[in-house]
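User: I am new to this structure and would like to go through it step by step. Could you take my questions in turn?

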Amino acid sequence: MDWQFWLAWLTGPEGCPWRYGLAGLLGAVVNCALEDKPIVLPRLRGNRLELGFLGNLATCFVVAQIADHSFQSAFLAALAGTMILRSLKRRIERACAEEMERGKRGDE
């Protein structure tokens, strides 16, 4: 099998999951580059598992598979979707921290 066979397979309907997975991988790498963060492997910190790049990659892969109309839309969904999720996570963590502070002040 030559490269033309694989290119035809990848651009055909049976190659869609792989093509969108590639878009998700590219989105994960670009996300790391835009945030000036190194690609970090998963690690344990105390009792906490930090997924690092693999968590970003899994998120980008799933988002790219959901937005599977074309390679471009899958890539943009992976890129923008993870940025939106990260921003939402920060807001939720900030709101929880503020509520915990209010609860501590109210208990005193």
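User: What pLDDT does the protein average?

Analyst: This is a predicted model, in which local features need pLDDT of at least 70 and side-chain atom pairs count only at pLDDT 80 or more, while totals for chains, interfaces and linings use all residues. Residues are numbered from 1 along each chain as its sequence is written, and side-chain values use heavy atoms, with hydrogens and water left out. As pLDDT is the predictor's confidence in each residue, from 0 to 100, it helps to know that 96% of the residues score at least 70, and that the average for the protein is 83.

User: Which element has the highest mean pLDDT?

Analyst: Helices (H or I, at least four residues) and strands (E, at least two) are DSSP runs, numbered from the N terminus. Among these elements, the lowest mean pLDDT, 82, belongs to helix α1 (residues 3–11), and the highest, 87, to strand β1 (residues 43–45).

User: Which element gives the most to the largest nonpolar core?

Analyst: A nonpolar core is a set of buried Ala, Val, Leu, Ile, Met, Phe, Trp, Tyr and Cys residues joined through side-chain atoms within 4.5 Å, where buried means under 20% relative accessible area, exposed over 50%, and partly exposed in between (1.4 Å probe, protein chains only). The largest such core has twelve residues, among them Cys16, Tyr20, Phe53 and Leu79. Two or more of its residues come from each of α2, α3 and α4, and the most, five residues, come from α2.

User: Is Glu14 buried or partly exposed?

Analyst: Glu14 belongs to the loop between α1 and α2. Its relative accessible area is 45%, and therefore Glu14 is partly exposed.

User: How much space lies in the largest pocket?

Analyst: On a 1 Å grid over the protein atoms alone, a pocket is an open set of points where a 1.4 Å probe fits, with protein on both sides within 12 Å along at least five of seven lines, and lining residues have an atom within 4 Å of a point. A volume is the space filled by probe spheres set on the points, and for the largest pocket this is about 740 Å³.

User: Which element gives the most to the lining of the largest pocket?

Analyst: Of the 21 lining residues, those closest to the centre of the pocket are Lys37, Gly52, Asn56, Arg86 and Lys89. Two or more lining residues come from each of α2 (16–34), β2 (48–50), α3 (53–66) and α4 (71–107). The most, five residues, come from α4.
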